[in-house]
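Ready for a few exercises? Take a look at the structure first, then work through the tasks one at a time.

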Amino acid sequence: MRAITFSAYGGPEVLQLSEVPVPEPGPGQVRLAVRAAGINPLDWKIRNGSKRQNFQVSFPHTPGFEVAGVVDAAGEGAEFAVGDEVFGWSETGGYAEYALAKTVAPKPAGISWADAAALPVAGETALRVLRLLEVREGETLLVHGASGTVGRFAAQVAVAQGATVIGTAGSRNLDDLKSLEVVPVRYGDGWEERVREAPSGSVDAVFDAAGHGVLPGSVELRGTKERIVTIADGAAFELGIPFSSPEQSREVLTGIVGWVTDRGVRIAQGKSYPLEDAAAAQIESEDGHPGGKLTLAIS
């Protein structure tokens with residue numbers, strides 16, 4: 001099968017389109033004929049070696065955590081059958097024509113392959129952090145990076161739960177946030193004052209999905225370090241602010257789908273690349289302004 005691999009840490013040039021053996025599913029695993037795979041910042045951070053202390057990989061390594069596809073083979077004890085359409089987390093790398101997975105859930109017929117591949121990381125992260133922050137109806141939540149895939153999902157869920165959401169984003173995304181009933185605030189120098197001037201009262205909780213040095217200003221706005229969580233800023237450890245990590249289960253995936261199918265949470269899709277252009281997709285992700293979720297269309 002075709003797969004993207006790399007055999008040394010480095011820039012996007014280390015990514016190669018390779019011919020590798022088709023993996024065989026073990027107990028509880030299914031093999032997916034991958035239709036779409038999500039691109040995440042963690043993919044290129046692992047590739048360039050900056051995450052090697054936390055994410056050890058064996059070379060050659062196939063990147064990619066998020067997959068959506070059709071079950072092609074099932075191992076002993078697997079809970080899905082050949083022909084089932086599913087999405088979830090890959091155990092062998094999603095940048096490939098076939099991938100093995102255990103933690104998957106049914107893909108609703110009304111959700112596209114690209115949308116399904118965009119849901120696991122963004123949805124899980126958003127719901128987990130909102131739970132940690134204990135955002136309640138009538139409160140005000142500040143979301144840094146509200147136009148990104150994670151921040152946008154979290155903002156929509158919080159609005160649906162009855163919270164007022166202030167979302168920071170670039171100028172080109174402010175109208176989109178307004179359409180989601182989010183109070184839009186331009187990020188960059190002076191963002192703290194613009195948040196204070198927003199018609200929403202005091203900030204009760206802060207979700208940093210951006211990681212651009214906004215934690216000190218967030219602490220100043222809150223007047224405390226309580227109810228501030230980041231998924232993107234390593235300075236959290238020095239500041240004594242929680243840095244939240246993933247929780248993967250089928251129940252989580254089912255809950256994510258419910259917000260999309262039953263509550264109308266929308267994914268903003270960016271560009272979809274063919275498998276052989278995975279390096280270009282990672283370059284766009286690393287640039288930091290993809291304008292939506294980047295995916296690979298594989299078959």
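**Exercise 1.** Which backbone oxygen lies 2.6 Å from a polar atom of the side chain of T125?

*Solution.* Before starting, note that this is a predicted model, where local features need pLDDT of at least 70 and side-chain atom pairs count only at pLDDT 80 or more, while totals for chains, interfaces and linings use all residues. Residues are numbered from 1 along each chain as its sequence is written, and side-chain values use heavy atoms, with hydrogens and water left out.

Step 1: find T125, which lies in helix 2. Helices (H or I, at least four residues) and strands (E, at least two) are DSSP runs, numbered from the N terminus.

Step 2: look at the oxygens around its side chain. The one you want is the backbone oxygen of V121.

Step 3: check the surroundings. T125 is buried, with a relative accessible area of 7%; buried means under 20%, exposed over 50%, and partly exposed in between (1.4 Å probe, protein chains only). Skipping neighbours within four places in sequence, T125 is in contact (heavy atoms within 4.5 Å) with V150, F207 and I231.

**Exercise 2.** Follow F207 into the nonpolar core and find out which element supplies the largest share of the core.

*Solution.* Step 1: list some partners. Not counting residues up to four places away in sequence, F207 touches several residues, including T125, L133, L141 and V229.

Step 2: place F207 in the core. A nonpolar core is a set of buried Ala, Val, Leu, Ile, Met, Phe, Trp, Tyr and Cys residues joined through side-chain atoms within 4.5 Å. The largest one has 45 residues, and F207 is among those with the most contacts inside it, along with F87, L119, L133, L141 and F153.

Step 3: name the supplier. Helix 2 gives the largest share, 10 residues.

Step 4: look elsewhere too. A second, separate core has 26 residues, I4, F80, Y273 and L275 among them.

**Exercise 3.** Work out the strand order of the open sheet of 5 strands, then see what packs on it.

*Solution.* Step 1: read off the order, which is 10-9-8-11-12, with parallel pairing. Two strands pair if DSSP finds at least two bridges between them.

Step 2: spot the edges. Strand 10 (183-186) and strand 12 (228-230) each pair on one side only.

Step 3: zoom in on one pair. Strand 9 (residues 164-169) and strand 10 are joined in the parallel sense over 4 bridges, and T168 stands opposite V185 in strand 10.

Step 4: add the helices. Helix 2 (residues 113-133) packs on the sheet and touches strand 8 (140-144), strand 11 (205-208) and strand 12, with its direction at about 155° to that of strand 11. Helix 6 (residues 215-222) touches strand 8, strand 11 and strand 12 as well, at about 165° to the direction of strand 12. These axes are lines fitted to C-alpha atoms, for helices over the stretch in contact, and angles run from 0 to 180 degrees between N-to-C directions.

**Exercise 4.** How many residues of strand 3 are buried, and which strands does strand 3 join in the antiparallel sense?

*Solution.* Step 1: count. In strand 3 (residues 30-38), 8 of the 9 residues are buried.

Step 2: go through the antiparallel partners. Strand 4 (residues 66-74) is joined by 7 bridges, with A33 partnered by V70. Strand 6 (residues 98-101) is joined by 4 bridges, where V30 has A101 as its bridge partner. Strand 14 (residues 293-297) is joined by 3 bridges, and there A36 stands opposite A297.

Technical notes. Polar contact = N/O pair within 3.5 Å; in protein donor to acceptor, adjacent residues only side chain to side chain.
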